[in-house]
Amino acid sequence: MKPPTLLLLFPLLSPALAWLPMEDWESGNVTTSGGESECVCSVFLPDNVFPADRVQHMQQVTKDLMLEVEIHMNKLVHYKGKLEIFLGELKELSVRVAMLESDPDKYIKLDFELLRIELREFEALVSQLKESLNSSSPAFDNLYTEIHNMSLIVDQLETYDKNNLEVIRIEFAKLQRKLEECLREEDILNPDIGNCNHTGIMSVSRPMLVQLNAHLNAGYRFGGWGKDSKPVRGHESMYWYGAYSTPSVYEFYLYSNYNKLILRSSFTHHGLPQGYEGTGNNYIIHGNTVYYQAAKPFRMSKLNLTNSVYSHREITKASERFTYTYSPNQYLDFSADEKGLWVMYATEQAKGKMIIAKIDEKSFGIEDEWTTSAFKPLVGNAFMVCGVMYATRPGDLRTEEIFYSYDTKTGEERHMSIPLQKFQESFVNLHYNPTDQKLYMYNDGYYVSYNVRFNKE
């Protein structure tokens, strides 16, 4: 059976809540009686804010549950039990959202409807995985019921605390990191980074919705986010972000790591001066350099973030008449993969068909070009992986389809149908990052990412 993709959803939360201390999170490996190793990540909610008449009861229930957990967890097979546990932990958030919404005066405004949508998406995913793994246990079901009941009490008591918003965002980010580390140790997530010993994309995981953009404004529909696809020494963990209310490009934010991106803290701001602004949103950061489409005059531009030096190149054949389905003014689409740096565009000579061009990073010139059969106005977006261009097209409101590929090494064109689920209908800045083999999407104001699986040779 192909191992499922585990996704941890980060609901949109306000920056005012701070109640989960770091020491209340636990992660580790458990060895079953069969000798197999499994990974467990757990979160224990503190009880120091509860009314005194319930503290003793809660402590006793907790001790009993911990004993049962120790007994039954040893009986779970491989990582199936983890799915059950995380289903419970995510379902408890639904209760929290409902209670927060019932008393909005105690908290700042949140997009509750979006939170419910996100939670339902995750619950549906875990339920599907649970069914596909056929992992049912009466003992575990009983244990889950007790945990869930206790969680309801905790949520009710949580309403006593009025200042609980900041650290929950931190702790869920830590939980995600710990989960991914454990899964990698179990070879559940073990991508062959930097290599192209495969025959192309096999599938794409369900989307992981991180959160609303750093401006906390759904009106910032245009923009992008991701990692440096060729990080310089000391910046391997850097994330970048930029967002705008129009298809413009005039500023970027750099965060030293993922947690700072999520918390919107300790960032470096880079604003483009007048005359250097861009348009369209398929820009990337590669080698600590921003590659973007300049507005006036129309050309490809780059900003070296190390020395703040700008460079420009015109592509005379590139047309300003053909853009992607969702992206106004998106005439130049930058992409980076294991083979280097690329730019994609359409020309009048090719009658709107997409052209793939390889960029020489030193001269910032075009090394070579390939003409594809993909008509750009019908394409949602495109990206490069191991020298192969993949193009998407709209399916329905919540589904995109990777339908076409062009191999620059062999000239081979292929048609396929690989679903790409979305949280919102339109999106911009879809690109692949070779450092973690993920797709990064800016989905109508929200950070979304996907794991990519390949057909092995």
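The following exercises, each with a worked solution, concern a predicted model.

**Exercise 1. The disulfide**

Task: Determine how many disulfides a search of the whole structure finds, which residues a disulfide joins, and where in the chain these residues lie.

Solution.

Step 1. The search of the whole structure yields one disulfide. The residues joined are Cys196 and Cys386, with an S to S distance of 2.1 Å.

Step 2. Cys196 belongs to the loop between α5 (167–185) and β3 (198–204), whereas Cys386 belongs to the loop between β19 (382–385) and β20 (388–396). The two cysteines are 190 residues apart, and the pair thus links distant parts of the chain.

Step 3. The angle about the S-S bond is -90°, and the link of Cys196 and Cys386 is left-handed.

Step 4. Cys196 has a relative accessibility of 24% and counts as partly exposed. Cys386, with a relative accessible area of 11%, is buried. The cut-off used here is that buried means under 20% relative accessible area.

**Exercise 2. A salt bridge between two loops**

Task: State how many salt bridges the structure holds, and explain what the pair of Arg221 and Asp444 ties together.

Solution.

Step 1. Six salt bridges are present in the structure. In one of these, the side chains of Arg221 and Asp444 meet, at 2.8 Å from N to O.

Step 2. Arg221 is found in the loop between β4 (208–212) and β5 (222–227), and Asp444 in the loop between β24 (438–443) and β25 (446–456); the pair therefore ties together parts that are 223 residues apart in sequence.

Step 3. The relative accessibility of Arg221 is 36%, which counts as partly exposed. Asp444 has a relative accessible area of 18% and is buried.

**Exercise 3. Two salt bridges from the loop between β14 and β15**

Task: Identify which residue forms a salt bridge with Lys317 and which residue meets Arg321, and locate the members of both pairs.

Solution.

Step 1. Lys317 forms a salt bridge with Glu369, and their closest N and O atoms are 2.5 Å apart. Lys317 lies in the loop between β14 (309–313) and β15 (333–337), while Glu369 lies in strand β18 (residues 365–375). The residues of this pair are 52 residues apart and link distant parts of the chain.

Step 2. Lys317 is partly exposed at 37% relative accessibility. Glu369 is also partly exposed, at 29%.

Step 3. Arg321 meets Glu348 in a salt bridge through their side chains, at 3.0 Å from N to O. Arg321 is in the loop between β14 and β15 and Glu348 in the loop between β16 (340–346) and β17 (353–360), so this pair ties together parts that are 27 residues apart in sequence.

Step 4. Glu348 is partly exposed, at 39%, whereas Arg321 is exposed, at 57%.

**Exercise 4. The open sheet**

Task: Describe in what order four strands form an open sheet, and which strands are its edges.

Solution.

Step 1. The order of the four strands is β15-β16-β17-β18, and their pairing is antiparallel. β15 and β18 are the edge strands, each of which pairs on one side only.

Step 2. On average, neighbouring strands of this sheet are turned by 25° against each other, with direction ignored.

Step 3. Five bridges pair β15 with β16 in the antiparallel sense. Within this pairing, Asp337 has Gly340 in β16 as its bridge partner.

Step 4. β17 and β18 run antiparallel and are joined by seven bridges. Ala357 stands opposite Glu369 in β18; Glu369 is the residue that forms the salt bridge with Lys317.

Step 5. The hairpin of β17 and β18 has four residues between the strands, and Phe364 in this hairpin takes a positive phi near 60°.

**Exercise 5. The surroundings of Thr372**

Task: Decide whether Thr372 is buried or exposed, and establish what the side chain of Thr372 reaches.

Solution.

Step 1. Thr372 is part of strand β18. Its relative accessible area is 2%, and Thr372 is therefore buried.

Step 2. A polar atom of the Thr372 side chain lies 2.9 Å from the backbone oxygen of Met354. The side chain of Thr372 also reaches the backbone nitrogen of Ala374, at 3.2 Å.

Step 3. When neighbours within four places in sequence are left aside, the residues in contact with Thr372 are Lys353, Met354, Ile356, Met389, Tyr404, Tyr406 and Glu413.

Terms used. Residues numbered from 1 in each chain as written. Predicted model: local features only at pLDDT ≥ 70, side-chain atom pairs only at ≥ 80, totals over all residues. Heavy atoms only, no water. Salt bridge = Lys/Arg side-chain N within 4 Å of Asp/Glu carboxyl O. Buried < 20%, exposed > 50% of the residue type's maximum accessible area, 1.4 Å probe, protein only. Pairing = 2+ DSSP bridges. Axes fitted to C-alpha atoms, helices over the stretch in contact; angles between N-to-C directions. Disulfide = S-S within 2.5 Å. Polar contact = N/O pair within 3.5 Å; in protein donor to acceptor, adjacent residues only side chain to side chain. Contact = heavy atoms within 4.5 Å.
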